[in-house]
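Welcome, and please get your viewer ready for a short walk through this chain. We will go from one selection to the next, with a few words at each stop.

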Amino acid sequence: MILLRLLGICVFILSTKSELLDFDDNTSEICYLCICNDDRTSIDCSRRGLTNLPDGIPRKVKKLNISNNEISIFPTTFSKLYNLVSLDLSGNQLVEIPENALQNLTYLEVLNLSKNNFESWISLNPNEILQPLSNLKILDLSHNKFTTLANLANQELLISPSLETLILDNCEIESIHGRSPLSGLINIRVFKINNNPLIRFQNLISPTLKSLYLSNCKLSYISPNELSYLPSLVYLKMSHNYRLEISSTINTLSSTSLKYLDISYCNVLQPSLKGFQNLRKAIINHNMIRLLPGNEFFNNSKLEYLDLSYNNIGSISSNTFRGLTSLKFLDLSWNEIAQIPENSLLEMPSLTQMKLARNYITRVGYLKSTSLSIIDMSSCEINTIGKASLEGLPSLVELDVSHNLISHIPDSISSNSLKYLNLNYNRLSHITNNTFFMLPRLSGLGVIGNRFTIIWSRYFFQSNPYLEKLELSDNMWRCDCTDDNMFDFYEYITLEPNKKEESYNLMCHGPLDAVGQTWLEACYFTWNPTERTQNAKSLIWFIIIMIVGLALCLVLVNGIKTTMNRRVASLQAERERQVEEARDRLRQLRIRAEQEALCNTPDPRDLIAPPTYDEALSMPKLNVSCYSLNETGTGKSRRKRGRRKTKSSGDLLEETEAHADVEDLELTETSNSRRRRRRRSTKYGSHEIAELDHSPGARRRLMSGNESDDDNVVIQVEADLERSMRNRNRRHSVNEVPRESDF
């Protein structure tokens with residue numbers, strides 16, 4: 001015993017572990033691609049552009065949706081998903097299904113294969129594909145192209161012991177022939193074949209079929225005994241078959257089990273319901289029925305709902321509805337009926353609601369019905385209501401005669417059961433104390449859109465203690481605020497707890513000064529005279545407070561404006577100061593960059609190669625003797641042979657600037673003898689001066705000056721940079737050869 005318990009525990013642990021492993025391995029991939037619920041039993045992979053079944057689907061999944069993808073080959077891995085209950089493969093490109101594609105799916109109940117490319121029943125393997133599905137309930141094959149519904153080589157079309165609903169809508173099926181295509185479906189309940197070009201059906205045999213949908217086909221004729229092969233048929237819908245004929249002069253379509261019949265939009269000429277003894281509901285609207293002869297519904301004693309609206313029925317006889325002993329709802333609206341016979345309603349002892357709207361009835365006559373409680377006679381051409389028209393309707397609760405031409409209601413119209421009377425949008429202009437005197441149960445009255453001008457009195461409803469709702473809007477009320485009756489009636493219909501109408505629905509249409517105002521707006525000060533003086537004082541105080549508030553607002557706005565102007569001015573000054581500082585820094589950086597550029601400029605003499613010997617021989621000779629450059633100094637002209645004997649270009653530039661306007665240069669020697677030397681003229685060309693201006697000597701003097709006094713150097717450099725050189729006209733002798741520096 002202990003060993004068996006241990007073995008059971010081990011098996012449980014192993015199964016739990018395998019389920020956990022399966023959960024971890026599968027959900028990590030599939031739930032990123034598709035939508036999974038919390039316990040991973042429902043997976044939605046629709047509209048993912050899949051061409052095959054994705055990997056990683058857990059075995060415990062019960063609902064799988066792979067619709068609207070691009071799968072063209074039926075997946076073969078469904079047999080592993082043995083817990084599936086619902087499988088949706090609609091909207092793909094499947095053309096065939098293998099024979100064993102749905103093996104092991106014993107729990108599958110819903111299979112949707114609609115909107116694929118199936119064109120032949122053989123490609124489905126219909127005799128084998130459904131047999132493993134022992135619990136299949138619904139099969140949807142709509143929006144395919146089968147074109148026909150017939151047996152296959154003396155075999156059953158579809159074989160399934162459990163299928164209950166078969167959907168073949170929009171499959172281009174044109175005919176049903178051969179042996180019954182439903183004979184292999186022994187448990188079929190619902191068969192839908194809507195929106196197919198089906199002209200007729202025959203040999204449709206099924207002892208279990210209960211609902212048959214044949215809407216929007218091209219049916220033109222149904223054999224009278226065709227429904228006899230469907231002994232369990234309860235629901236038949238054949239609407240929108242525009243050439244349908246369900247009866248002939250000899251035989252009529254019949255069914256002993258049918259309870260619901262819809263043949264709307266079929267252009268039928270007669271109801272032809274005699275063959276349906278157990279029919280409960282018949283919808284025959286939007287057809288071309290012109291006449292309802294006597295005893296037309298004699299065999300329909302169980303019919304409860306009859307809709308004959310939107311036809312061309314022009315007259316009704318007293319025995320038209322004979323036999324409808326169970327009828328509760330009758331719709332005859334949108335026809336051409338001019339009169340209802342007095343005793344015609346007595347043939348329907350269970351009738352509770354009748355709709356006669358949109359007919360040509362001109363008078364509410366004397367009607368008799370012991371059960372009728374709701375009558376709709378709106379939008380007819382009624383102009384008269386008989387004084388005793390309601391006395392033959394002891395159960396009448398609601399009467400709708402709106403949108404008619406009624407201009408007068410007779411006094412003492414009587415009904416002990418009427419609760420809601422709708423007189424909206426007629427031509428009524430007055431009532432009296434006796435108008436509603438004989439309606440003790442009246443709880444709702446509507447007179448919207450009539451022509452009342454004189455304000456009513458509360459005594460009009462003294463005999464209506466249950467009145468709860470009065471609809472008085474859209475009338476031409478003339479407001480006389482001095483009339484005490486108006487104030488009394490206003491309180492009667494608007495004050496709680498017995499409020500009967502909203503005050504904003506009561507509008508004045510006269511006199512001129514009150515047009516467009518509500519009763520309360522037009523008469524407020526008349527009904528409340530003490531409020532006028534209080535309102536005047538309140539108005540004065542209100543004006544004073546508004547003026548003071550406006551002044552405070554102006555002061556506050558001016559203060560804010562002044563503060564903002566000051567703030568803007570300070571910000572602008574600060575911005576200008578920062579701009580000026582930035583300009584100074586940029587100016588200093590530019591000057592420093594120019595100075596560094598001058599220091600780094602090479603000596604022009606280093607850039608010019610010395611003349612060759614032949615070029616030196618060809619150069620012109622000087623006619624005047626002169627000293628060498630190293631001898632034109634300030635006294636220290638006699639130098640040793642080892643030192644440099646020529647002045648730099650910077651020295652020459654300094655001397656030239658000092659004696660720019662003087663042609664004769666005084667050379668004084670600072671020796672002990674203080675002897676004055678002879679003057680000699682020194683002239684330089686413009687290009688020589690430019691070269692001297694950028695010579696290393698000049699740069700050294702500028703740098704030395706910068707070290708001593710930075711400010712003076714900046715000013716001096718700017719002056720040197722901006723000073724323009726004067727043109728010097730050199731005098732030449734007649735025989736003198738011009739030199740290169742003269743140009």
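Start by selecting Glu581, which is partly exposed because its relative accessibility is 35%, between the 20% and 50% limits of that class. One thing to keep in mind as you look around: this is a predicted model.

**Stop 1: the salt bridges of helix H5**

Keep Glu581 selected and add Arg577. Their side chains meet in a salt bridge, at 2.6 Å from N to O. Both residues belong to helix H5, where four residues, or about one turn of the helix, lie between one position and the other. Arg577 has a relative accessibility of 39%, so it too counts as partly exposed.

Now add Glu574 to the selection. Glu574, Arg577 and Glu581 are linked in a network of salt bridges.

**Stop 2: a nonpolar patch**

Stay on the helix and select Trp541, found in helix H5, which covers residues 530-599. Is Trp541 buried or exposed? Its relative accessible area is 58%, so Trp541 is exposed, the cut-off for that class being over 50%.

Next, select Ile540, Ile544, Ile545, Val548 and Leu552 along with Trp541, and switch on the surface. Together these residues make a nonpolar surface patch of about 650 Å².

**Stop 3: a salt bridge between a loop and a helix**

How many salt bridges does the model contain? The count comes to nine, and two further ones are worth a visit.

For one of them, select Arg458 and Asp488. Their side chains form a salt bridge with an N to O distance of 3.0 Å. Arg458 sits in the loop between strand E23 (444-446) and strand E24 (469-471), while Asp488 is in helix H3 (residues 484-494), so the pair ties together parts that are 30 residues apart in sequence. Colour the two by accessibility and you will find Arg458 partly exposed, with a relative accessible area of 28%. Asp488 is partly exposed as well, at 24%.

**Stop 4: a salt bridge between two loops**

Move on to Arg322 and Glu347, whose side chains meet in a salt bridge of 3.8 Å, N to O. This pair links distant parts of the chain, 25 residues apart: Arg322 is in the loop between strand E15 (305-307) and strand E16 (329-331), and Glu347 is in the loop between E16 and strand E17 (353-355). Arg322 is partly exposed, with 34% relative accessibility. For Glu347 the relative accessible area is 23%, which also counts as partly exposed.

**Stop 5: a buried isoleucine**

Select Ile361, in the loop between E17 and strand E18 (363-364). Its relative accessible area is 3%, so Ile361 is buried, since that class takes in values under 20%. If you would like a distance to draw, pick the C-alpha atoms of Ile361 and Asn404: they are separated by 10.0 Å, and the two residues are 43 apart along the chain.

**Stop 6: inside the protein**

For the last stop, hide the surface and look for enclosed spaces. How many cavities of 30 Å³ or more are there? The count is three, and the largest cavity has a volume of about 60 Å³.

To see what surrounds the largest cavity, select its lining: Ile97, Leu111, Leu113, Leu124, Ile129, Leu130, Leu139, Leu141 and Leu158. What kinds of residue make up this lining? The lining has nine nonpolar residues, with no polar and no charged ones.

Technical notes:
Residues numbered from 1 in each chain as written. Predicted model: local features only at pLDDT ≥ 70, side-chain atom pairs only at ≥ 80, totals over all residues. Heavy atoms only, no water. 1 Å grid on protein atoms, 1.4 Å probe; cavity = no way out; pocket = protein on both sides within 12 Å on 5 of 7 lines; lining within 4 Å. Points joined across faces, edges and corners; volume = space filled by probe spheres on them. Nonpolar A, V, L, I, M, F, W, Y, C, P; charged D, E, K, R; others polar. Patch = residues over 30% accessible without salt bridge, like charges linked within 9 Å, V, L, I, M, F, W, Y side chains within 5 Å. Areas by Shrake-Rupley, 256 points an atom, 1.4 Å probe, with all protein chains shown as cover. Salt bridge = Lys/Arg side-chain N within 4 Å of Asp/Glu carboxyl O. Buried < 20%, exposed > 50% of the residue type's maximum accessible area, 1.4 Å probe, protein only.
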